[in-house]
Amino acid sequence: MKKIFVTEPSLPPLGEFIPYLEKIWESKWLTNAGPFHQQLEQELAAYLGVKHLALFTNATIALVTALQALRISGEVITTPYSFVATAHSLLWNGIKPVFVDIDPVTFNLDPKMIEAAITPQTTAIFPVHVYGTPCNVEEIERIADVYGLKVIYDAAHAFGVDYKGGSVLNYGDLSVLSFHATKVFNTFEGGAIICPDAKTKQRIDHLKNFGIADEVTVVAPGINGKMNEVQAAFGLLQLKHVDVVLERRAAIAARYRANLASVRGISVPAVADVDRLNNSYFPVFVEADYPMARDALYVYLQTKDIMSRRYFYPLISEFPMYRGLQSARRDNLPVAHHVAERVLCLPIFPDLPLEQVDRICDILRSAERA
Ligand SMILES: *Cc1c(COP(=O)(O)O)cnc(C)c1O
């Protein structure tokens with residue numbers, strides 16, 4: 001049987017992409033804010049319901065640039081429960097990550113733990129909307145206002161998530177999306193910074209193009225973070241299909257929920273209280289009363305050609321470049337460790353047939369007889 005991966009990129013019919021490529025060949029405009037790049041910035045901002053959006057060649061360069069754009073330095077409060085790129089983007093800026101524990105319900109930075117981690121060196125809070133579940137944005141904003149801190153969201157998982165009547169990407173000073181192949185919306189590789197005003201967007205646009213303002217003016221030591229025309233064209237085509245993608249994901253998540261409700265020892269997180277979800281991941285938790293430990297189940301599923309993933313295990317704070325930090329100590333992060341040791345993300349992607357979802361759930365239900 002064909003292996004089922006935790007995710008599979010959504011690809012529109014190849015034929016639909018050819019006319020875009022023909023246009024690029026005709027114009028010979030391959031990169032540097034070309035027509036598809038400009039069009040995708042506009043269409044994405046309109047689709048997502050955000051004011052300004054700057055495209056990037058990937059989200060990691062966008063995270064590094066977002067920190068530069070706001071001149072963040074010193075110490076930054078962040079979560080250990082994320083993909084390593086979150087904390088790596090701090091190290092690439094010479095910033096010290098300060099890990100704070102997560103909330104056991106949202107798996108996001110726990111606002112109650114933030115204030116105790118603030119020092120005179122703290123300049124920003126750097127949370128992640130894990131699995132597309134919004135952080136406690138109101139409380140984070142309140143703390144940031146009291147202490148004069150910037151807020152940058154790693155919103156790599158939060159494409160299309162609406163919260164309290166608008167995009168969750170409108171919270172904080174900046175938000176960063178990823179369009180990597182494994183994400184809900186992909187441009188093969190890609191990303192974007194969402195920002196509230198034209199002046200900040202201009203600074204970000206300079207920074208992603210070597211700091212070049214015009215032919216003879218370089219205003220900052222920028223990087224090369226530009227999205228090229230092939231990526232942007234692919235994004236425009238993907239955008240035409242994204243509503244169907246989100247509907248398919250919702251149907252798969254609903255099927256998992258219905259099936260797994262009766263499986264003892266497998267707990268499914270509550271549906272987030274939002275206006276629109278993206279079902280970017282389907283995490284479950286392997287509890288103590290399940291007949292197998294989490295890692296045994298992970299291996300057992302592999303023997304059935306089901307490639308689940310332990311997102312996020314190990315915690316970022318466990319990797320060698322972080323584990324020496326005071327804030328990386330296990331006793332500082334009890335909830336994050338507890339969650340990371342039980343989590344298993346099950347396959348979810350638009351082309352996953354519902355019969356396969358049923359089969360995966362049957363395997364979970366019958367694992368005790370394995
Ligand atoms: C995918 C991801 C990134 C990195 O995105 P790239 O586009 O691959 O650079 C950063 N943070 C989180 C939380 C992610 O899931």
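In which loop is Lys28 found? I began with this residue, in a model that is predicted. Lys28 sits in the loop between helix H1 (14–27) and helix H2 (35–48). I noted its phi near 55°, a positive value in a residue other than glycine. I recorded it because most residues other than glycine have a negative phi, and most peptide bonds are trans.

**Entry: cis peptide bonds**

I next looked up the peptide bonds that are cis. The bond from Tyr311 to Phe312 is cis, with omega near 10°. Phe312 belongs to the loop between strand S15 (306–307) and helix H10 (334–342). I found the bond from Tyr313 to Pro314 to be cis as well, with omega near -5°. Pro314 lies in the loop between S15 and H10, and that loop also holds Phe312.

**Entry: the ligand and its shell**

I then turned to the residues around the ligand. There are 15 of them, and Thr60, Asp154, His157, Ser178 and Lys183 come nearest. By class, I entered the shell as five nonpolar, eight polar and two charged residues.

Which residue has a polar side-chain atom 2.8 Å from an oxygen atom of the ligand? I found that this atom belongs to Ser178. For Ala59, a polar backbone atom is 2.9 Å from a ligand oxygen atom. For Lys183, an N or O atom in the side chain is 3.2 Å from an oxygen atom of the ligand. I also looked up how much of the ligand is covered: on its own it has 380 Å² of accessible area, and the protein covers 93% of this. Helix H3 (59–69) and helix H4 (85–91) are the elements that give two or more residues to the shell around the ligand.

**Entry: the largest pocket**

Where does the ligand lie with respect to the pockets? I found that the space it takes is the largest pocket. I entered a volume of about 660 Å³ for this pocket. Its lining comprises 36 residues, and Phe83, Lys183, Tyr281, Tyr311 and Phe312 lie nearest its centre. Tyr311 and Phe312 are thus noted here again, having been entered above for the cis bond that runs from Tyr311 to Phe312.

The lining divides into 19 nonpolar, eleven polar and six charged residues. H3, H4 and strand S16 (343–346) each supply at least two residues of this lining. Which element gives the most? I recorded H3, with three residues.

**Entry: enclosed cavities**

Rolling a probe the size of a water molecule over the atoms shows where empty space is left. My search of the whole structure returned two cavities of 30 Å³ or more. The largest cavity has a volume of about 50 Å³.

Which residues line the largest cavity? I listed Ala156, His157, Ala158, Phe159, Ser178, Thr182, Lys183, Val184, Arg249, Ser280 and Tyr281. They divide into five nonpolar, four polar and two charged. I noted that His157, Ser178 and Lys183 of this lining are also among the residues that come nearest the ligand. Lys183 and Tyr281 of the cavity lining are also among the residues nearest the centre of the largest pocket.

Terms used
Residues are numbered from 1 along each chain as its sequence is written. This is a predicted model: local features need pLDDT of at least 70, side-chain atom pairs count only at pLDDT 80 or more; totals for chains, interfaces and linings use all residues. Side-chain values use heavy atoms; hydrogens and water are left out. A residue is near a molecule or strand if one of its heavy atoms lies within 4 Å of it. A polar contact is a pair of N or O atoms within 3.5 Å; within protein, one must be able to donate a hydrogen and the other to accept it, and residues adjacent in sequence count only if both atoms are side-chain atoms. Accessible areas come from the Shrake-Rupley method with a 1.4 Å probe; for residues, only the protein chains shown count as cover. On a 1 Å grid over the protein atoms alone, a cavity is a set of points where a 1.4 Å probe fits but cannot get out, and a pocket is an open set with protein on both sides within 12 Å along at least five of seven lines; lining residues have an atom within 4 Å of a point. A molecule sits in a cavity or pocket if more than half of its atoms lie within 2 Å of its grid points. Helices (H or I, at least four residues) and strands (E, at least two) are DSSP runs, numbered from the N terminus. Ala, Val, Leu, Ile, Met, Phe, Trp, Tyr, Cys and Pro count as nonpolar, Asp, Glu, Lys and Arg as charged, and the others, Gly among them, as polar. Grid points are joined across faces, edges and corners, and a volume is the space filled by probe spheres set on the points.
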